[in-house]
Amino acid sequence: MRIHSGRFLGWTAMGVAVVVTVALAAAGELMSVRTLCALVFGLAGYAAYVRPYVDISPGEVVLANPLRTVHVPWPTIESVNGRLGLRIQTKHGAYTSWAAPQRGRLHEDVLRQLEEHRAAGHLDDPRFAPPRPEIRWNSDVLVAAAFVSAFAIALALGTFF
């Protein structure tokens, strides 16, 4: 089960940014503050509303946030809190999801599946050490942010690449 935060708003922000950027390029104002604002608006919409999600699968819970994605295997989960979003406490630290506020009962779904795994005996085998959560940086957002930053610097200096 995959839960996204607000894809419609994020895609709308990206669409508006693309239309404005193309219109400014057609008007000969590609290197302008307006273009920079459109790019920042589009990147922010993508990073905050399209990129974040929570994926609950039989093997793990995936928490994808704007800058990083955390794969949390079921055996490492100690507790789940859903008061202010989805927060998963593991033996190796706590991880929070941006996408959880859209669905108020997401933490109950995670708790239910965690209890099902425990009841089936999948998490209590002493022969296996619980794996560590895997953290991956979201290179697409970081590269886009670097591009927008380089564009802002070039605009401020009055130079082109």
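How many helices and strands does the secondary structure of the chain come to? Four helices and eight strands, in a model that is predicted.

**View 1. The whole chain, from one end to the other.** Starting at the N terminus, the elements follow the order β-α-α-β-β-β-β-β-β-α-β-α. The chain has 161 residues, and 39% of them count as buried. Take the contacts between residues at least 6 apart in sequence: 64% of these join residues at least 24 apart. As for the outside, the accessible surface comes to about 9,300 Å². Carbon and sulfur atoms account for 63% of that surface.

**View 2. A nonpolar patch on the surface.** Here we're looking at Val16, Val20 and Phe41, which together make a nonpolar surface patch of about 230 Å². Val16 sits in helix H1, which covers residues 7-26. Is Val16 buried or partly exposed? Its relative accessible area is 40%, so Val16 is partly exposed.

**View 3. Inside the largest nonpolar core.** This one takes us indoors. The largest nonpolar core has 16 residues, and Val61, Trp74, Ile77 and Leu86 are the ones that touch the most other members. Several elements chip in with at least two residues each: strands S2 (53-56), S3 (60-64), S4 (68-73), S5 (77-81) and S6 (86-90), plus helix H3 (106-119). Which of the elements gives the most to this core? That would be H3, with three residues. As a general backdrop, nonpolar side chains in soluble globular proteins tend to be buried together.

**View 4. Strand S2, covered on both faces.** S2 has buried residues whichever face you pick: Tyr53 and Asp55 are on one side, Val54 and Ile56 on the other. Let's zoom in on Tyr53, a residue of strand S2. Why does Tyr53 count as buried? Because its relative accessibility is 13%, and the cut-off for buried is under 20%. Tyr53 also has Leu63 for company: the two are ten residues apart in sequence, and their C-alpha atoms are 6.2 Å apart in space.

**View 5. From S2 across to S3.** Next comes the pairing of these two strands. S2 and S3 run antiparallel and are held together by four bridges. A hairpin of three residues connects S2 to S3. To find your way across the pair, start at Asp55 and look opposite, where Val62 of S3 stands.

**View 6. From S3 on to S4.** Val62 is a handy landmark here too, with His71 in S4 as its bridge partner. S3 and S4 are antiparallel, with five bridges between them. The link from S3 to S4 is again a hairpin, and it passes through three residues.

**View 7. Strand S4 and its other partner, S8.** S4 also pairs with strand S8, which spans residues 134-137. Four bridges join S4 to S8, and the two run antiparallel. One spot to look for is Thr69, whose bridge partner in S8 is Arg136. How many of the six residues of S4 are buried? Five of them are, so S4 is largely enclosed by the rest of the structure.

Definitions and conventions. Residues numbered from 1 in each chain as written. Predicted model: local features only at pLDDT ≥ 70, side-chain atom pairs only at ≥ 80, totals over all residues. Heavy atoms only, no water. Buried < 20%, exposed > 50% of the residue type's maximum accessible area, 1.4 Å probe, protein only. Contact = heavy atoms within 4.5 Å. Areas by Shrake-Rupley, 256 points an atom, 1.4 Å probe, with all protein chains shown as cover. Patch = residues over 30% accessible without salt bridge, like charges linked within 9 Å, V, L, I, M, F, W, Y side chains within 5 Å. Salt bridge = Lys/Arg side-chain N within 4 Å of Asp/Glu carboxyl O. Core = buried A, V, L, I, M, F, W, Y, C linked by side-chain atoms within 4.5 Å. Pairing = 2+ DSSP bridges.
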